[in-house]
Amino acid sequence: MSERTWDFTADDGSVTAHTGVTGPAARTGHRLTIEWEKWSATAILDDDEPVSLAAHIEVDSLQVRSGEGGVTPLSGPEKLVARANALKSLKANKNPAISYRSASIAKTDNGYRIDGALTILGRDRSHPLEVTVTESAEGWEFGIDTTITQTDFGVKPYALMMGALKVADDVRVVVVARHATGL
């Protein structure tokens, strides 16, 4: 058996969240694309197969990249307000990290299924991940596209106008990571 460790950071890919809007005034709100600039992940491989994954996101590294929809385009100052509201919803001052730790990893036709615990606001919840793996001349690309329900973790989605405009409870999270050598 040969054990190796692969470390990933924001230099190797991206972690983005895509929000929706709900409520009677939903057409006036922006669907945001948020990216975390500071994150890390460690995969442990045994005989070239992943056996463990741990990931860590620094909540306050959150940046609002864009906003689709709304009555007017999302301006720079509005991005700052959206960032502040997101950090408040995530209680970044008391819960500075989002983390994930695998319990088991199984090979699938397109990559791997990871069963593990996602921790947000200090609350652990079981959250399976489907990881796609693509081989290229440069190495390997790993992709995750999952939906997280904020209220499952105690996150209160941001709302205004007495709830007429709210961030949707379900948030789509997309992770892309690259590694220069193969499995």
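In the predicted model, a network of salt bridges links Glu 35, Glu 37 and Arg 65. Within this network, Arg 65 is paired with Glu 35, and the closest N and O atoms of the two are 3.0 Å apart. Arg 65 belongs to strand β7 (residues 62-69) and Glu 35 to strand β4 (residues 30-36), so the contact ties together parts of the chain that are 30 residues apart in sequence. Arg 65 is partly exposed, with a relative accessible area of 36%. Glu 35 is likewise assigned to the partly exposed class, at 21% relative accessibility; the assignment follows because residues count as buried only under 20%.

The structure holds seven salt bridges. Side chains of opposite charge can pair when their charged atoms come close. One further case is the salt bridge between Asp 145 and Arg 172, for which the closest N and O atoms are 2.7 Å apart. This pair also links distant parts of the chain, with Asp 145 in strand β12 (residues 139-149) and Arg 172 in strand β15 (residues 170-179), 27 residues apart. Asp 145 is partly exposed at 47% relative accessibility, and Arg 172 is partly exposed with a relative accessible area of 39%. A salt bridge is also formed by the side chains of Arg 113 and Asp 115, with an N to O distance of 3.0 Å. Relative accessible areas of 32% for Arg 113 and 27% for Asp 115 place each residue in the partly exposed class.

Strand β12 also contributes to an aromatic contact, through Phe 142. A pair of aromatic rings is described by the distance of the centres and the angle of the planes. Two aromatic pairs are counted in the model. For Phe 8 and Phe 142, the ring centres are 6.0 Å apart and the planes stand at 80°, so the pair is edge-to-face; the assignment rests on the angle, because planes over 60 degrees apart fall in that class. Phe 8 lies in strand β1 (residues 3-9) and Phe 142 in strand β12, and the pair therefore links parts of the chain that are 134 residues apart. Both Phe 8 and Phe 142 are buried. Together with Trp 6, Phe 8 and Phe 142 form one aromatic cluster.

Three strands make up an open sheet with the order β3-β14-β13 and antiparallel pairing. Strands β3 (21-22) and β13 stand at the edges of this sheet, each with a single partner strand, so one side of each is left without a neighbour in the sheet. The antiparallel strands β13 and β14 are joined by two bridges. Ala 159 has Lys 166, in β14, as its bridge partner.

The loop between β13 (159-160) and β14 (165-167) contains Met 161. Met 161 is partly exposed, with a relative accessible area of 46%. Together with Tyr 158 and Leu 160, Met 161 makes a nonpolar surface patch of about 250 Å². The value of 46% for Met 161 is compatible with patch membership because the patch criterion requires over 30% relative accessible area.

Technical notes: Residues numbered from 1 in each chain as written. Predicted model: local features only at pLDDT ≥ 70, side-chain atom pairs only at ≥ 80, totals over all residues. Heavy atoms only, no water. Patch = residues over 30% accessible without salt bridge, like charges linked within 9 Å, V, L, I, M, F, W, Y side chains within 5 Å. Areas by Shrake-Rupley, 256 points an atom, 1.4 Å probe, with all protein chains shown as cover. Salt bridge = Lys/Arg side-chain N within 4 Å of Asp/Glu carboxyl O. Helix = DSSP H or I, 4+ residues; strand = E, 2+ residues; numbered from the N terminus. Buried < 20%, exposed > 50% of the residue type's maximum accessible area, 1.4 Å probe, protein only. Pairing = 2+ DSSP bridges. Phe/Tyr/Trp six-rings, centres within 6.5 Å; stacked < 30°, edge-to-face > 60°.
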